[in-house]
Amino acid sequence: MAAATQLHAATTDEAMRQLEAIMADDQRRQASYDAGHERIRFCGYCHGEDGNSKRDFIPNLAAQHPQYLFEQFEKFGDGRREDHVMSTLARALSLQERIDIAVYYSQQTARPREGADPVKAAAGQRIFQSYCFSCHGADAQGVSNMPRLAGQPAQYVETALKRFRQMDPAASTSPMVGVARGLKDQDIAAVAAYLQGR
């Protein structure tokens, strides 16, 4: 088991280096983008061909950091994250296909959703600036392996934060568990409203 874990870590590290090299080279990035576009047909049913989710409970992938997207694929593939559709898909795709899909969606334009209560969103902005900006950036754009939250559907954000709040801190290494435990339901709703309109 330890050997398998080490092999997986080595493969993931090599894939991350490959991904960084692709993103730094215009020709390689375009080739990866084109290959990713050919492979996202199934992904597009839920996340949209342009990475803007078609359902409020499913995250946007548009303009997300490619390293973060690839890392989530790996987590679904090895069981650290669980979702029947995503886990099945992650296991079915090759390493190169996972990289190409991450590149493709990272190059799309995120479209914020309208309709959030402005008072709630203003309260959410204050909470975000207190709890979230140090990891996710002042404008919620994320960095590298920290996800972009700007423009995410409010329902998805609320569900994710409540799930983190319910996790056992002893069983998870995510800093989100500790952050979410300090948020009340109305705080979560406010942050979600703010992020949806970013």
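A residue counts as buried when its relative accessible area is under 20%. That cut-off comes up in the views below, all of which show a predicted model.

**View 1. Ile99, a buried residue in helix H6.** Helix H6 covers residues 95-106, and Ile99 sits within this stretch. With a relative accessibility of 0%, Ile99 falls under the 20% limit and so counts as buried. What does Ile99 touch, once residues up to four places away in sequence are set aside? The list is Ala15, Gln18, Leu19, Ile22, Ser32 and Phe70. Pro66 is worth picking out here too: it is 33 residues from Ile99 along the chain, yet the two C-alpha atoms are 7.9 Å apart.

**View 2. Glu20, a partly exposed residue in helix H1.** Helix H1 runs over residues 2-23, and that's where to look for Glu20. Is Glu20 buried, partly exposed or exposed? Its relative accessible area is 45%, so Glu20 goes down as partly exposed. For a sense of distance, take Val143, which is 123 residues away from Glu20 along the chain; here the C-alpha atoms are 14 Å apart.

**View 3. Where helix H7 packs with helix H11.** The pair brings together residues 118-131 (H7) and residues 185-196 (H11). Their axes are 7 Å apart and make an angle of about 100 degrees. Angles of 65 to 115 degrees count as roughly perpendicular, so that is the label for H7 and H11. On the H7 side, the residues to find are Lys120, Ala121, Ala123, Gly124, Gln125, Ile127 and Phe128. Across from them, H11 brings in Asp187, Ala189, Ala190, Val191, Ala193, Tyr194 and Leu195. Sorted by class, this contact has ten nonpolar residues, plus two polar and two charged ones.

**View 4. Stepping back to the protein chain, with its eleven helices and zero strands.** Following the sequence, the pattern reads α-α-α-α-α-α-α-α-α-α-α. The radius of gyration is 17 Å, close to the 16 Å that the globule rule gives for 198 residues, so the chain is as compact as a globular protein of that length. Along the principal axes, the C-alpha atoms fill a box of roughly 45 × 35 × 30 Å. Buried residues make up 41% of the 198. Looking at contacts with a separation of 6 or more, 69% link residues 24 or more positions apart. As for the surface, the chain exposes about 11000 Å², with 52% of that supplied by carbon and sulfur atoms.

Note on methods
Residues numbered from 1 in each chain as written. Predicted model: local features only at pLDDT ≥ 70, side-chain atom pairs only at ≥ 80, totals over all residues. Heavy atoms only, no water. Axes fitted to C-alpha atoms, helices over the stretch in contact; angles between N-to-C directions. Helix = DSSP H or I, 4+ residues; strand = E, 2+ residues; numbered from the N terminus. Parallel < 35°, antiparallel > 145°, perpendicular 65-115°, else oblique. Contact = heavy atoms within 4.5 Å. Nonpolar A, V, L, I, M, F, W, Y, C, P; charged D, E, K, R; others polar. Buried < 20%, exposed > 50% of the residue type's maximum accessible area, 1.4 Å probe, protein only. Rg over C-alpha atoms; globule rule 2.2 N^0.38 Å. Areas by Shrake-Rupley, 256 points an atom, 1.4 Å probe, with all protein chains shown as cover.
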